[in-house]
Amino acid sequence: MGTSVQVTPLCGVYNENPLSYLISIDGFNFLVDCGWNDHFDTSLLQPLSRVASNIDAVLLSHSDTLHLGALPYAMKQLGLSAPVYATEPVFRLGLLTMYDQYLSRKQVSEFDLFTLDDVDSAFQNVTRLTYSQNHHLSGKGEGIVISPHVAGHLLGGTIWKITKDGEDVIYAVDFNHRKERHLNGTALESFVRPAVLVTDAYNALNTQLPTKQRERAFIDALRRTLEAGGNVLIPVDTSGRVLELLLILEESPLSYPIYFLTYVSSSTIEYVKSFLEWMSDSIAKSFEHTRDNAFLLKHITLLINKNELDNAPAGPKVVLASMASLEAGFSHDIFVEWATDPRNLVLFTERGQFATLARMLQADPPPKAVKVTMSKRVPLVGDELLAYEEEQNRIKEEALKSSIIKEEESKAIRASDNASDPMVIDTGNTNISSEATGSHCGKYRDILIDGFVPPPTSVAPMFPFYENTSDWDDFGEVINPDDYVIKDEDMDQGAMHLGSNLDGKLDEASANLMLDTRPSKVVSNELTVQVKCSLTYMDFEGRADSRAIKSILAHVAPLKLVLVRGSAEATEHLKQHCLKHVCPHVYAPQIEETIDVTSDMCAYKVQLSEKLMSNVLFKK
Amino acid sequence: MASSGPAQSLKRRDPPANREADRLTVTPLGAGNEVGRSCVYMSFKGKTVLFDCGIHPAYSGMAALPYFDEIDPSTIDVLLITHFHLDHAASLPYFLEKTTFKGRVFMTHATKAIYKLLLSDYVKVSKVSVEDMLFDEQDIFRSMDKIEVIDFHQTVEVNGIRFWCYTAGHVLGAAMFMVDIAGVRVLYTGDYSREEDRHLRAAELPQFSPDICIIESTYGVQLHQPRNIREKRFTDVIHSTISQGGRVLIPAFALGRAQELLLILDEYWANHPELHNIPIYYASPLAKKCMAVYQTYINSMNDRIRSQFASSNPFDFKHISPLKSIENFNDVGPSVVMASPSGLQSGLSRQLFDRWCSDKKNACVIPGYVVEGTLAKTIINEPKEVTLMNGLTAPLNMQVHYISFSAHADFAQTSTFLSELMPPNIVLVHGEANEMGRLKQKLITLFTDRNAKIITPKNCQSVEMYFNSEKMAKTIGRLAEKTPGVGETVSGLLVKKGFTYQIMAPEDLHVFSQLSTANVNQRITIPYTGAFGVISHRLKRIYESVESSTDEELGIPTLRVHDRVTVKLESDKHISLHWASDPISDMVSDSIVALVLNISREIPKVVVESEELKTEEEDDGSSKKAEKIVHALLVSLFGDVKFGEDGKLVINVDGNVAHLDKQSGEVESENEGLKERVKVAFRRIQGAVKPIPLSAS
């Protein structure tokens with residue numbers, strides 16, 4: 001029999017919820033994607049929490065919240081401890097996305113689902129792979145080979161191919177067949193007849209205009225608003241699709257200031273600059289020929305906090321700000337500010353997640369007014385500050401008290417020790433080079449400062465004296481060769497202390513925010529915003545559209561097809577289409593419904609004898 | 001699809017031909033018992049791979065090329081370049097543009113970016129005459145379009161050759177290539193270093209053990225000092241020289257190791273404020289251009305530099321200033337100058353050397369491997385006098401220090417690398433003959449118990465190895481629904497994809513492979529005015545199964561020959577033939593066409609006789625006739641053939657007697673060889689004489 005394959009969706013089927021699926025191959029459980037939505041709704045993770053401890057490996061396909069957002073939480077709270085596999089950009093940009101999410105949340109709420117440390121530790125055990133790298137799993141997964149392939153959509157975006165015994169299971173969600181400015185199209189079409197294909201139906205009902213037309217419309221919309229003296233807000237993700245938008249804007253002839261505002265914008269661009277290997281052929285080529293890095297942005301200003309934007313010269317401008325859902329982050333604040341001016345434009349480039357502000361605004365007709373919660377983190381003042389300080393002092397005092405108690409205890413022990421040896425005058429203070437005692441000396445220094453107090457048991461106090469004896473042998477004084485070794489001056493010292501920092505660099509403001517331990521609290525007030533600005537949606541999601549999906553699926557022609565994520569209608573539509581045109585085995589399981597897609601193909605191996613093979617003439 | 005051809009069956013009994021398919025050949029076209037012009041040719045199972053394409057730095061013009069005339073460049077499938085150094089990549093534009101090569105070229109991203117800069121510079125500074133130029137800038141530019149990039153660990157398959165690369169350490173973007181052809185793995189290390197340094201990672205240890213390891217042996221049995229001691233010596237020499245008012249010349253190759261040395265110097269200067277007034281010059285036009293490359297491919301470097309990069313760009317040197325040419329150089333007081341070329345053949349490093357060599361306060365630090373035949377190699381031995389560029393001799397008073405920073409593996413690294421990898425075959429390249437010989441001896445004693453073969457081929461000397469890989473085919477689809485028992489035959493289509501084989505039922509072909517099946521229905525119309533019965537009659541004389549019927553739709557008479565070909569009477573003047581194309585049906589239809597055309601020509605002569613009578617006679621006559629023919633043919637083959645008792649034929653060849661039963665084809669003979677031959681001959685004669693049996697399909 002073939003390899004046994006089961007697929008169990010944990011989140012994101014028959015709707016547009018984040019993606020998270022369990023694929024087990026001969027008992028080895030892969031968690032493919034570990035997404036969360038912008039609400040950080042823990043109820044979505046219920047199914048995951050039930051299986052988290054049984055998972056043997058995690059595969060991440062894209063660097064946005066929908067594909068990896070729940071990783072830190074799952075690692076910390078749900079007992080997920082499997083090794084994680086991702087491409088370098090997914091790892092790096094995913095990390096930045098999570099930082100941005102956390103920082104945006106922390107500004108407006110007492111966010112406690114995960115901390116930056118959790119993010120760091122979750123991403124610490126990510127094994128980074130390159131495209132088309134065949135990674136052989138060991139141990140329980142012996143015989144399984146995983147390899148990431150180009151998916152398009154986001155930088156580093158991955159189609160996972162899991163191979164065992166020559167049977168391929170392919171997980172391909174959110175792929176893009178089109179070649180874009182910064183990305184190549186997907187490599188999905190190069191796989192033919194895999195045993196199982198898991199794909200999404202998210203775009204099964206959408207059609208897109210040609211890229212050129214869309215880009216022209218995009219620039220035109222911006223120009224109209226800017227020329228009329230309005231501002232444009234483009235709510236974007238942290239480090240995904242925004243890269244393509246940045247390149248479009250960078251190339252555009254608009255002469256108005258353009259700002260890219262996220263908590264991690266400058267480090268995003270800094271890292272992206274070193275990911276040229278992962279980008280489209282044309283970017284790589286232009287770099288090889290002219291050494292012009294496409295992401296050396298000349299027309300776009302990177303900002304990491306909103307004050308800088310407020311200080312920018314007045315006048316029409318374009319601002320790309322995270323989050324795309326308008327639920328939190330800079331885009332939320334800017335929206336509230338700008339929505340009331342009819343000259344302004346809010347341009348959505350992707351469909352908002354379900355039940356978010358962005359989604360509400362994309363409704364047709366758009367709502368006249370929306371209720372939003374404005375929250376702000378303010379430093380504590382007055383009574384609150386006092387109360388806080390008191391609380392802190394109390395905690396400190398308690399800690400101090402307990403440490404004093406400990407110290408006294410140890411002192412008592414020490415005193416009794418001394419008492420037993422009449423000749424000792426606290427060697428701890430004199431023989432500093434001895435480390436063991438050296439560590440104690442701190443505690444006793446304050447006693448000694450008062451004066452030379454001989455221990456009560458001392459008979460004849462004297463300064464300690466050490467005789468420097470040396471051993472002699474037939475050749476003279478015995479020397480220790482180690483004393484004469486030239487100390488290797490460690491030239492790395494200057495730099496090494498930086499090496500321990502896993503995430504390298506964070507923007508200063510973010511660092512400030514993290515280090516900012518000033519007492520603060522979150523103040524929120526609800527208000528209704530009159531939406532007078534114009535709202536537009538243009539599809540720059542970078543996903544294959546309905547027609548492309550269908551033709552790709554027909555080309556790939558999997559033996560079995562599993563459909564996940566996508567509205568109920570879209571899923572049903574694609575299922576019916578595929579049953580007719582692609583293959584007879586199309587499944588669209590419900591959440592936590594395990595479907596068995598073990599291939600019913602039988603196989604056995606035959607050895608081909610040398611005699612036969614030497615007679616065989618192969619023809620194409 | 002598989003079919004056995006007669007051409008192959010001739011070769012079958014030829015043992016060398018049989019081994020041909022298992023033979024793997026490795027031929028160094030350069031870098032065999034020498035350092036420079038790396039180029040190693042490898043061929044296995046009709047697939048050909050060329051590793052590296054360098055020039056020899058000590059020669060110029062065509063003499064510097066590897067021995068390309070030993071091979072046919074058009075047969076090479078893949079060319080893999082390990083890193084951008086001239087001795088590994090510089091003949092590439094020549095090979096791509098001036099030879100018949102039409103395969104694919106791969107190198108890593110960083111290598112490709114630097115390759116262009118480096119070679120353009122090489123073309124500009126090399127002072128050979130135009131005729132001697134191997135290529136010009138246009139060739140380099142054109143070659144860029146042909147070069148494809150590969151990322152570390154990325155697996156690429158070209159024409160059944162699978163390959164991927166590992167980090168090699170040596171310089172930025174340096175790779176070791178692992179090539180897998182039909183399950184036989186070959187590792188080509190190129191230049192590699194197992195020691196992590198300031199900016200590069202150490203070479204990786206491949207996950208799989210290769211069958212053959214083609215490994216560099218530059219440093220032979222030498223051992224490197226630990227890196228920090230070398231760095232200390234380096235900085236101490238420079239520090240003491242400049243504090244005595246001397247000048248320091250560091251002849252170094254512009255890219256690669258130079259960056260490492262600059263990192264050391266910049267850091268040392270930063271830690272020693274008293275040196276801040278002493279200038280360090282880096283004389284290379286490439287320096288600035290390459291910075292962008294070094295900044296971009298930071299992901300190929302080690303974690304240390306990456307974390308440093310996060311705070312500030314470590315390649316943005318604070319104490320090092322560029323120097324364009326000797327004219328711009330204000331030579332007053334102590335200074336440190338790093339200049340290319342590393343061998344002091346010509347250029348700025350030589351100009352400075354000539355100027356400084358007679359002053360004993362000055363020092364020359366040679367920081368890497370120097371190729372035989374260059375001035376740098378000469379001065380390491382500290383001769384009393386040297387010849388200057390203008391032909392005069394001058395005393396060599398300056399101190400010469402040789403502190404190797406070249407990131408090549410030393411003996412310790414090579415031996416641990418090989419003992420961890422345990423390749424059964426080791427081919428040494430890229431090393432001076434003596435060093436290589438010493439390394440070979442030492443490795444042999446080290447690996448005596450492991451039975452590893454160590455080979456040191458010279459240039460153009462082929463190493464042949466045989467790999468007999470067992471071929472397994474996977475039977476899938478409906479053919480595999482039941483597992484065959486012992487002695488049963490499995491028959492189906494053998495499909496080869498790359499080097500994997502599958503056996504499947506013809507009906508499953510489109511399910512399991514990209515191959516599609518199609519039926520070609522043929523139809524041919526022939527003018528014919530005679531009676532349809534004549535055709536039917538004639539066909540019956542040739543074919544055993546000819547059925548007459550009428551077409552249901554058109555109501556015209558048809559003939560069906562062996563259920564393969566249908567003959568229809570279209571009109572008074574035409575008949576048509578219909579058949580689904582396959583070799584046998586094609587042949588049958590051919591014969592029918594010939595027959596019909598013959599009838600048309602002979603028609604006046606035809607006399608219709610009574611059919612029954614004719615058939616009887618024919619049956620009788622034809623069987624007699626057949627017997628005669630069989631006899632005659634056997635005579636022509638074996639000579640002495642007599643009719644024996646009970647209708648058997650007695651064949652006598654050189655005293656060996658065989659009895660042949662004409663009915664069953666059974667042969668009795670003492671001599672096995674004769675028996676076989678007679679049997680085969682009779683079977684073939686039967687096939688030629690008798691009508692085609694129905695079972696032929």
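This talk goes through the interface between chain A and chain B, and then through one sheet of chain A, in a predicted model.

Let me begin with the interface as a whole, where 76 residues of chain B are in contact with 52 residues of chain A. Putting the two chains together buries about 5600 Å², and carbon and sulfur atoms give 55% of that area. If you ask which residues stand out on the chain B side, B:Thr296, B:Lys471 and B:Lys474 supply 9% of the area that chain B buries against chain A, more than any other three residues.

Turning to the specific pairs, the rule finds two salt bridges across this interface, and one that I can name joins the side chains of B:Arg306 and A:Glu88, with 3.4 Å from N to O. The rule also finds seven residue pairs in polar contact between chain B and chain A, counting pairs in which both residues are at pLDDT 80 or more. As for where the chain B side comes from, helix H10 of chain B, residues 303–311, gives the largest share of it, namely seven residues. Sorted by class, the side of chain B that touches chain A has 30 nonpolar, 26 polar and 20 charged residues.

The two chains also meet through strands: strand E25 of chain A, residues 603–608, pairs with strand E24 of chain B, residues 471–476, in the antiparallel sense and over six bridges. Within this pairing, A:Tyr604 stands opposite B:Thr475.

Now to the sheet inside chain A, which is open and is formed by six strands in the order E14-E13-E15-E12-E16-E21, with parallel pairing. Why is one side of E14 and of E21 left without a neighbour in the sheet? Strand E14 (300–303) and strand E21 (534–537) of chain A stand at the edges and each has a single partner strand, so nothing in the sheet flanks the other side. From one strand to the next, the twist averages 20°.

At the E21 end, the partner is strand E16 of chain A, residues 345–348, and these two pair in the parallel sense over four bridges; there, A:Val346 has A:Leu535 in E21(A) as its bridge partner.

Finally, helix H7 of chain A, residues 242–251, packs on this sheet and touches strand E12 (232–235), strand E13 (258–261), E14 and strand E15 (318–321) of chain A. The direction of helix H7 makes about 165° with that of E15(A).

Conventions:
Residues numbered from 1 in each chain as written. Chains lettered and ligands numbered in written order. Predicted model: local features only at pLDDT ≥ 70, side-chain atom pairs only at ≥ 80, totals over all residues. Heavy atoms only, no water. Contact = heavy atoms within 4.5 Å. Buried area = accessible area lost by both parts, 1.4 Å probe. Salt bridge = Lys/Arg side-chain N within 4 Å of Asp/Glu carboxyl O. Polar contact = N/O pair within 3.5 Å; in protein donor to acceptor, adjacent residues only side chain to side chain. Nonpolar A, V, L, I, M, F, W, Y, C, P; charged D, E, K, R; others polar. Pairing = 2+ DSSP bridges. Axes fitted to C-alpha atoms, helices over the stretch in contact; angles between N-to-C directions.
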